[in-house]
Amino acid sequence: MYDYIKGQITRVTPEYITLEQGGLGWQILTPNPYAFHMTGEIQQVFTHLHVREDQQLLLGFKTLEQRELFKKLITVSGIGPKGALAILASGIPSQVIGAIEREDETFLVQFPGVGKKTARQMILDLKGKLHDLFSEIDLPDEETTLLTMVENGALDEAMLALEALGYSQRELAKVKPKLEKEELDTEGYMKLALQLLLKQK
């Protein structure tokens, strides 16, 4: 029904963003709300309206490819909208596709809510049907785990979250070298960064 909405991001929370367009504030669930910024500029969010008897969910994505992968994931038995969002939030989309293509159940079961049965169903339903989403598919090697993927992106996600809270890139650049010396999750990086930022004032 909706392909995309353009407007200003007026709120960013851990679960959703609010996008104002035409005097209405659209509450949009998204894999990583902190990928969006409250800059006051017009931004485009690719959307998907999920309708069931008991609920209507408006979901939003930074890229068209991300949305199309989401739509493929929710066709798999055992994966609902929030489960698909969790997969997209936790993993790199091209690596998720790569794991499906090489039938890597061990990699897939690391995602929240994905057990062996669901991982096998993902492979059966989606293998060979996802090449058109990405020109390059990253194949996770045998040592790649969800933990290493999350750790690699945790600092970047924390930086995006702090920007959304109003800190400038210049302020964040001053504390980032100290953060890079630590191995933390997103929340840990944010707490440490806030401590360092407050000391600067």
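**Entry 1: overall layout**

In what order do the elements of the protein run from the N terminus on? I read them off as β-β-β-β-β-α-α-α-α-α-α-α-α. That gives 8 helices and 5 strands in the protein. I note at the start that the model is predicted.

Next I looked up burial for the whole chain. Of the 201 residues in the protein, 43% are buried. I then took the contacts between residues at least 6 apart in sequence; 57% of them join residues at least 24 apart. The accessible surface comes to about 11,400 Å². Carbon and sulfur atoms hold 48% of that surface.

**Entry 2: β4 and β5**

I turned to the strand pair. Strand β4 covers residues 43-52, and 7 bridges join it to β5. The two strands run antiparallel. A hairpin of 2 residues makes the link from β4 to β5. For one facing position I picked L49, which stands opposite L58 in β5.

Why is β5 described as largely enclosed by the rest of the structure? I counted its burial: 5 of the 7 residues in strand β5 (residues 55-61) are buried, so the strand is largely enclosed.

I also checked the salt bridge between D54 and R52. Their closest N and O atoms are 3.8 Å apart; the cut-off is 4 Å, so the pair still counts. D54 is exposed, at 59% relative accessibility. R52 is partly exposed, with a relative accessible area of 45%.

**Entry 3: helix α1**

Which residues of helix α1 (residues 64-73) are buried? I listed Q66, R67, L69, F70 and L73. They cover an arc of only 160° around the axis, so they sit on the same side of α1.

I then asked what the buried residues of α1 pack against. Their partners are the strands β4 and β5, together with the helices α2 (81-90), α3 (93-101) and α5 (116-126).

**Entry 4: salt bridges around R67**

How many salt bridges does a search of the whole structure find? It finds 7. I followed the ones at R67.

R67 forms a salt bridge with D3, and the closest N and O atoms are 2.8 Å apart. This pair links distant parts of the chain, since R67 is in helix α1 while D3 lies in the segment before β1 (4-12). The two residues are 64 residues apart. I compared their accessibility classes. R67 has a relative accessible area of 6%; the buried class ends at 20%, so R67 counts as buried. D3 counts as partly exposed, at 41% relative accessibility.

R67 also meets E68 in a side-chain salt bridge, at 3.1 Å from N to O. E68 is partly exposed, with a relative accessible area of 23%. I traced the links further and found a network of salt bridges made up of D3, R67, E68 and K71.

**Entry 5: the UniProt record**

Last, I looked up the annotation. An unreviewed UniProt entry lists residues 71-90 and 106-125 under "domain: Helix-hairpin-helix DNA-binding motif class". I checked each span in the model.

Residues 71-90 are 65% helix and 0% strand, and the end C-alpha atoms are 17 Å apart. For residues 106-125 I read 65% helix and 0% strand, with the end C-alpha atoms 17 Å apart.

Notes. Residues are numbered from 1 along each chain as its sequence is written. This is a predicted model: local features need pLDDT of at least 70, side-chain atom pairs count only at pLDDT 80 or more; totals for chains, interfaces and linings use all residues. Side-chain values use heavy atoms; hydrogens and water are left out. Buried means under 20% relative accessible area, exposed over 50%, partly exposed in between (1.4 Å probe, protein chains only). Helices (H or I, at least four residues) and strands (E, at least two) are DSSP runs, numbered from the N terminus. Two strands pair if DSSP finds at least two bridges between them. UniProt positions are given in the numbering used here, feature names are shortened, and annotations may be inferred rather than shown by experiment. The arc is that of the directions from the helix axis to the C-beta atoms. Contact means heavy atoms within 4.5 Å. Accessible areas come from the Shrake-Rupley method with a 1.4 Å probe; for residues, only the protein chains shown count as cover.
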